[in-house]
Amino acid sequence: MSDNVVGADDPAYEAKVLMISVAARMAGMHPQTLRQYDRLGLVQPGRAAGGGRRYSVRDVVLLREVQRLSQDDGINLAGVKRIIGLERLLEQAQLRVARLEAELDAAYRRIAELEAVARFPGSDLVPTSRTSTALVVWRPRRNPER
(Lines give C-alpha, C1' and ligand atoms only; values in the text may rest on other atoms or scores of the structure.)
Protein backbone atom coordinates (compact mmCIF):
# COMPACT_ATOMS: atom_id res chain seq x y z
CA MET A 1 0.00 0.00 0.00
CA SER A 2 1.41 3.40 -0.91
CA ASP A 3 1.99 6.15 1.62
CA ASN A 4 -0.48 8.56 -0.01
CA VAL A 5 -3.54 6.29 0.26
CA VAL A 6 -6.12 7.55 2.75
CA GLY A 7 -7.34 4.90 5.18
CA ALA A 8 -10.74 4.74 6.89
CA ASP A 9 -9.14 5.70 10.23
CA ASP A 10 -7.54 8.83 8.71
CA PRO A 11 -9.46 12.10 9.37
CA ALA A 12 -8.98 12.98 5.68
CA TYR A 13 -11.25 10.00 4.84
CA GLU A 14 -14.26 11.98 6.09
CA ALA A 15 -13.18 15.42 4.79
CA LYS A 16 -15.65 16.77 2.20
CA VAL A 17 -13.11 18.34 -0.16
CA LEU A 18 -13.51 16.61 -3.53
CA MET A 19 -15.32 18.49 -6.30
CA ILE A 20 -18.03 16.53 -8.09
CA SER A 21 -15.88 16.05 -11.20
CA VAL A 22 -13.04 14.54 -9.17
CA ALA A 23 -15.35 12.32 -7.09
CA ALA A 24 -17.13 11.14 -10.27
CA ARG A 25 -13.83 10.26 -11.92
CA MET A 26 -12.63 8.41 -8.79
CA ALA A 27 -15.92 6.47 -8.61
CA GLY A 28 -15.95 5.76 -12.35
CA MET A 29 -19.28 7.54 -12.87
CA HIS A 30 -20.70 10.52 -14.70
CA PRO A 31 -21.18 13.64 -12.54
CA GLN A 32 -24.90 13.59 -13.37
CA THR A 33 -25.14 10.17 -11.68
CA LEU A 34 -23.70 11.70 -8.50
CA ARG A 35 -26.27 14.50 -8.67
CA GLN A 36 -29.06 11.92 -9.05
CA TYR A 37 -27.75 9.88 -6.11
CA ASP A 38 -27.67 13.09 -4.04
CA ARG A 39 -31.30 13.87 -4.96
CA LEU A 40 -32.30 10.31 -3.99
CA GLY A 41 -30.45 10.60 -0.67
CA LEU A 42 -28.06 7.73 -1.40
CA VAL A 43 -24.93 9.82 -0.88
CA GLN A 44 -25.03 13.18 0.89
CA PRO A 45 -22.13 15.40 -0.13
CA GLY A 46 -21.18 18.51 1.75
CA ARG A 47 -21.61 21.95 0.22
CA ALA A 48 -19.02 24.58 -0.57
CA ALA A 49 -19.69 28.25 0.20
CA GLY A 50 -20.94 28.75 -3.37
CA GLY A 51 -23.28 25.73 -3.12
CA GLY A 52 -21.15 23.26 -5.07
CA ARG A 53 -21.13 19.65 -3.92
CA ARG A 54 -18.06 18.40 -2.05
CA TYR A 55 -17.38 14.70 -1.54
CA SER A 56 -15.11 12.78 0.81
CA VAL A 57 -13.11 9.64 0.13
CA ARG A 58 -15.75 7.84 2.18
CA ASP A 59 -18.42 9.16 -0.20
CA VAL A 60 -16.45 7.82 -3.18
CA VAL A 61 -16.27 4.39 -1.53
CA LEU A 62 -20.03 4.56 -0.95
CA LEU A 63 -20.62 5.58 -4.58
CA ARG A 64 -18.69 2.52 -5.72
CA GLU A 65 -20.77 0.34 -3.38
CA VAL A 66 -24.03 1.81 -4.75
CA GLN A 67 -22.82 1.06 -8.26
CA ARG A 68 -21.82 -2.49 -7.33
CA LEU A 69 -25.13 -3.23 -5.63
CA SER A 70 -27.20 -1.81 -8.47
CA GLN A 71 -25.21 -3.12 -11.43
CA ASP A 72 -23.64 -6.35 -10.23
CA ASP A 73 -26.33 -7.49 -7.79
CA GLY A 74 -29.33 -6.03 -9.65
CA ILE A 75 -30.75 -4.19 -6.64
CA ASN A 76 -32.90 -1.16 -7.45
CA LEU A 77 -31.92 2.21 -5.99
CA ALA A 78 -34.68 2.12 -3.35
CA GLY A 79 -33.26 -1.20 -2.15
CA VAL A 80 -29.74 0.17 -2.21
CA LYS A 81 -30.87 3.15 -0.09
CA ARG A 82 -32.44 0.75 2.42
CA ILE A 83 -29.27 -1.37 2.56
CA ILE A 84 -27.11 1.71 3.12
CA GLY A 85 -29.44 2.90 5.89
CA LEU A 86 -29.34 -0.48 7.61
CA GLU A 87 -25.55 -0.63 7.34
CA ARG A 88 -25.34 2.81 8.99
CA LEU A 89 -27.62 1.64 11.80
CA LEU A 90 -25.49 -1.47 12.26
CA GLU A 91 -22.31 0.61 12.37
CA GLN A 92 -23.83 2.92 15.00
CA ALA A 93 -25.00 -0.07 17.07
CA GLN A 94 -21.53 -1.65 16.88
CA LEU A 95 -19.93 1.59 18.07
CA ARG A 96 -22.41 1.81 20.94
CA VAL A 97 -21.76 -1.80 21.96
CA ALA A 98 -18.00 -1.17 21.89
CA ARG A 99 -18.44 1.93 24.11
CA LEU A 100 -20.68 0.04 26.54
CA GLU A 101 -18.24 -2.88 26.70
CA ALA A 102 -15.42 -0.46 27.50
CA GLU A 103 -17.53 1.12 30.26
CA LEU A 104 -18.37 -2.32 31.65
CA ASP A 105 -14.70 -3.34 31.63
CA ALA A 106 -13.83 -0.12 33.47
CA ALA A 107 -16.57 -0.81 36.05
CA TYR A 108 -15.29 -4.36 36.61
CA ARG A 109 -11.75 -3.03 37.03
CA ARG A 110 -12.99 -0.47 39.56
CA ILE A 111 -14.86 -3.15 41.51
CA ALA A 112 -11.69 -5.27 41.58
CA GLU A 113 -9.69 -2.27 42.83
CA LEU A 114 -12.20 -1.58 45.58
CA GLU A 115 -12.30 -5.22 46.63
CA ALA A 116 -8.51 -5.32 46.74
CA VAL A 117 -8.36 -2.52 49.30
CA ALA A 118 -11.40 -3.65 51.30
CA ARG A 119 -10.84 -4.85 54.85
CA PHE A 120 -12.77 -8.03 54.12
CA PRO A 121 -12.39 -9.03 50.45
CA GLY A 122 -15.55 -10.49 48.98
CA SER A 123 -17.78 -8.60 51.37
CA ASP A 124 -20.11 -5.82 50.33
CA LEU A 125 -18.43 -2.77 48.84
CA VAL A 126 -20.54 -0.54 51.10
CA PRO A 127 -19.73 -1.44 54.69
CA THR A 128 -22.45 -1.27 57.30
CA SER A 129 -21.69 0.54 60.51
CA ARG A 130 -23.48 -1.92 62.79
CA THR A 131 -25.74 -4.88 62.57
CA SER A 132 -29.35 -4.63 63.60
CA THR A 133 -30.99 -7.00 66.04
CA ALA A 134 -34.48 -5.68 65.39
CA LEU A 135 -37.27 -8.18 64.98
CA VAL A 136 -39.95 -7.48 62.41
CA VAL A 137 -43.31 -9.15 62.81
CA TRP A 138 -45.54 -9.39 59.81
CA ARG A 139 -49.26 -9.76 60.09
CA PRO A 140 -51.53 -9.95 57.07
CA ARG A 141 -54.09 -7.19 56.79
CA ARG A 142 -57.64 -8.11 57.42
CA ASN A 143 -59.99 -7.37 54.57
CA PRO A 144 -62.68 -5.02 56.05
CA GLU A 145 -65.21 -6.11 53.40
CA ARG A 146 -65.36 -9.70 54.64
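Select Ser56 to begin the tour of this predicted model. Ser56 is buried, with a relative accessible area of 1%, a value that falls under the 20% limit for a buried residue. Its place is in the loop between β3 and α3. Now display the surroundings of Ser56: leaving aside residues up to four places away in sequence, this serine touches Tyr13, Glu14, Ala15, Lys16 and Leu18.

**The sheet**

Next, select the strands β1 (18-19), β2 (46-47) and β3 (residues 53-55). They form an open sheet of three strands in the order β1-β3-β2, and the pairing is antiparallel. Which strands stand at the edges? These are β1 and β2; each has a single partner strand, so one side of each is left without a neighbour in the sheet. Turn then to the pairing of β2 with β3, where two bridges join the antiparallel strands. To view one position in this pairing, select Gly46, whose bridge partner in β3 is Arg54.

Add helix α3 (residues 57-72) to the view. This helix packs on the sheet, where it touches β1 and β3. The direction of α3 makes about 85 degrees with that of β3.

**The buried face of α1**

Select helix α1 (residues 20-27) and color Ile20, Ala23, Ala24 and Ala27, which are buried. Look down the axis of α1: the buried residues fall within an arc of 100 degrees, so they line one face of the helix. An α-helix has 3.6 residues a turn, so residues three or four places apart point the same way. What do the buried residues of α1 pack against? Their partners are β1, α2, β3 and α3. Just after α1, select Gly28, which takes a positive phi of about 75 degrees.

**Where α1 meets α2**

Finally, bring helix α2 (residues 31-40) into view beside α1; the two axes come within 8 Å and cross at roughly 100 degrees. That crossing angle makes α1 roughly perpendicular to α2, because angles of 65 to 115 degrees count as such. To see the contact, show the side chains of Ile20, Ala23 and Ala24 in α1, which meet Pro31, Leu34 and Arg35 in α2. By class, this contact between α1 and α2 has five nonpolar residues, one charged residue and no polar residues. Ile20, Ala23 and Ala24 thus appear in two selections of the tour: they are buried in α1, and they take part in the contact with α2.

Key:
Residues are numbered from 1 along each chain as its sequence is written. This is a predicted model: local features need pLDDT of at least 70, side-chain atom pairs count only at pLDDT 80 or more; totals for chains, interfaces and linings use all residues. Side-chain values use heavy atoms; hydrogens and water are left out. Axes are lines fitted to C-alpha atoms, for helices over the stretch in contact, and angles run from 0 to 180 degrees between N-to-C directions. Helices (H or I, at least four residues) and strands (E, at least two) are DSSP runs, numbered from the N terminus. Angles under 35 degrees count as roughly parallel, over 145 as roughly antiparallel, 65 to 115 as roughly perpendicular and the rest as oblique. Contact means heavy atoms within 4.5 Å. Ala, Val, Leu, Ile, Met, Phe, Trp, Tyr, Cys and Pro count as nonpolar, Asp, Glu, Lys and Arg as charged, and the others, Gly among them, as polar. Two strands pair if DSSP finds at least two bridges between them. Buried means under 20% relative accessible area, exposed over 50%, partly exposed in between (1.4 Å probe, protein chains only). The arc is that of the directions from the helix axis to the C-beta atoms.
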